[in-house]
Amino acid sequence: MKFTVLTLFPEMFSAFTSTSIMARAAGQGHIEVECVNFRDYSDSPSKRVDDAPFGGGAGLVMKPQPLFDCLRDQSLAAGERIVYLTPKGKTLTQQMVVDFSKLDRMVLVCGHYEGIDQRVIDTFVTDEVSIGDYVLTGGEIPAMVLMDAISRMIEGVLNTEDSHMEESHYDGLLEYPHYTRPAVYEGMAIPDILLSGHHKNIELWRFEESVKLTGERRPDMLRAYYDRLTDKKKRKIVEKYLK
Ligand code: 6GU
C-alpha cells in the first residue's frame, strides 16, 4: 500500500512513520508513506493556502488552487481513492479498515482550520472519513489513525510476535484481561486459572471474560457476535450475558 498524505504539517508524520510496526512495515516494503506539503503548490508569492470564507464568519478555509494543483500532480489512476479526513465523514469502522487494506494506493487529504473549499471535495474526493464523534484541530492525527489501522491488516505486517493482535476467534468481542509477572503485585494476585497450566480451561476463561466485558460495555457488539455464532457451546456461554 502506498499512502500519499497531503498536509501542511508533514513533520507531524516523521515519528509515526519511523517507529515500531509502521517503520518495520515500511522497511519490509509492505507500506510506503509519502507526505506532500501542498503549500509548495500555492501560486501566491506568500505561499498562502487559506482565505476568509465567502458569506462571512470566523475562521479560514483552504483555498482550492493549491489542493487542485497538488492533487493533479499525484498521477492518479482512474478509480484511485482520495480520502478527506473530516468530522463530517463516515465514522471509521474495522470493516472499512479491512476494505481499505486491500487497495494498492490511497491519497489522504488533511485539512486544518475550518476545512477545505467544497469544490476540492466535489472534484476529487471519493471518501470522507471521520474517526469519531469529537472534533480535532486537523486531519493529520485522523490520517495516522487510518494508516495505522489499515497497515496492521496488510498481509505480513504483523509478525508472529504481534500475532495475538490478529487472533480471529475473539473477533467482534472486547479483549479479555492480560497479566504478566509477578503473579502477586502490591498484594494483588492474578486469577488462579492462569497458573493452572490447563490450556483448555484458560482458553474458556478468556473467552468468558471477553464475553462478559463485551456484554457490560458493548451489548450491541455482543448481540451482533451472538447472531453470527454457530458453535453450540459458545452460544450457551454468550446467552448468559445477553441483555
Ligand atoms: Cl477526520 N478530522 C477532524 N478535524 N476532527 C475529527 C475527525 C477528523 N474525526 C473525528 N474528529
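Start with the ligand. The space it takes is the second largest pocket. Keep in mind that this is a predicted model.

Now show the pocket itself. It holds about 340 Å³ of space. Of its 24 lining residues, select Y84, L85, T86, P87 and L136, the closest to the pocket's centre.

Next, colour the lining by element. Strand 5 (81–91), helix 5 (118–124) and strand 7 (127–130) each supply at least two residues of the pocket lining. Strand 5 gives the largest share, five residues. Then colour the lining by class: 12 residues are nonpolar, 10 are polar and two are charged.

Move in to the shell around the ligand. Select L85, T86, P87, V129, S130, I131, G132, Y134, V135, L136, G138 and P142; these surround the ligand. How does this shell divide by class? Eight of its residues are nonpolar, four are polar and none is charged.

Which residues place a polar atom by a nitrogen atom of the ligand? Click on S130. A polar side-chain atom of S130 lies 3.3 Å from a ligand nitrogen. Go on to I131. Here a backbone N or O atom is 2.9 Å from a nitrogen atom of the ligand. Finish with L136, where a backbone N or O atom lies 3.0 Å from a ligand nitrogen.

Now switch on the surface. Taken alone, the ligand exposes 290 Å², and the protein buries 96% of that. Strand 5 and strand 7 are the elements that give two or more residues to the shell around the ligand. Strand 5 provides the largest share of this shell, three residues.

Key: Residues numbered from 1 in each chain as written. Predicted model: local features only at pLDDT ≥ 70, side-chain atom pairs only at ≥ 80, totals over all residues. Heavy atoms only, no water. 1 Å grid on protein atoms, 1.4 Å probe; cavity = no way out; pocket = protein on both sides within 12 Å on 5 of 7 lines; lining within 4 Å. Points joined across faces, edges and corners; volume = space filled by probe spheres on them. Helix = DSSP H or I, 4+ residues; strand = E, 2+ residues; numbered from the N terminus. Nonpolar A, V, L, I, M, F, W, Y, C, P; charged D, E, K, R; others polar. Near = heavy atom within 4 Å. Polar contact = N/O pair within 3.5 Å; in protein donor to acceptor, adjacent residues only side chain to side chain. Areas by Shrake-Rupley, 256 points an atom, 1.4 Å probe, with all protein chains shown as cover. Sits in = over half its atoms within 2 Å of the grid points.
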